[in-house]
Amino acid sequence: MGIVSTIQDALTTESASPSTEPESKSTGAYWCDDCDVRVRDVDVEPEGLDRDDEGTPECPDCGSAMRFERSHADGCAC
Ligand SMILES: [Zn+2]
């Protein structure tokens, strides 16, 4: 029991922190409706997407401006 919970502890701690941190900085994701491509705002830079004049990321597949969709995690419905 003791050793299992220790291993589980280590596993959850290691897998939880890298996945939750970018999530908290993300305010939403960019979508290309045509290609069904979704890129989170925090992934635009790492993915190396081009941006148009207004700073809107362009779809890596078709090159058209992507649609921003706020994540529902914000919780503000006003
Ligand atoms: Zn596209």
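This note comments on a three-stranded sheet and on one buried aspartate in a predicted model.

1. Basis. The model is predicted, so local features need pLDDT of at least 70 and side-chain atom pairs count only at pLDDT 80 or more, while totals for chains, interfaces and linings use all residues. Residues are numbered from 1 along each chain as its sequence is written, and side-chain values use heavy atoms, without hydrogens and water.

2. The sheet. Three strands (DSSP runs of E, at least two residues) form an open antiparallel sheet in the order β2-β1-β3. Strands β2 and β3 (67-70) stand at the edges with a single partner each, so one side of each has no neighbour in the sheet. From one strand to the next, the twist averages 30 degrees (between axes fitted to C-alpha atoms, on a scale from 0 to 180 degrees).

3. Pairing. Two strands pair if DSSP finds at least two bridges between them. Strand β1 (residues 28-32) pairs with β2 (residues 37-40) over four bridges, and β1 pairs with β3 over four bridges. Trp31 stands opposite Arg38 in β2 and opposite Arg67 in β3.

4. The hairpin. Four residues lie between β1 and β2, and Asp36 takes a positive phi near 60 degrees.

5. Asp41. This residue lies in the loop between β2 and α2 (44-47). Asp41 is buried (under 20% relative accessible area, 1.4 Å probe, protein chains only). Asp41 has no salt bridge (a side-chain nitrogen of Lys or Arg within 4 Å of a carboxyl oxygen of Asp or Glu); the nearest side chain of opposite charge, Arg40, is 6.0 Å away.

How values were computed
Buried < 20%, exposed > 50% of the residue type's maximum accessible area, 1.4 Å probe, protein only. Lys, Arg positive; Asp, Glu negative; His and termini not counted.
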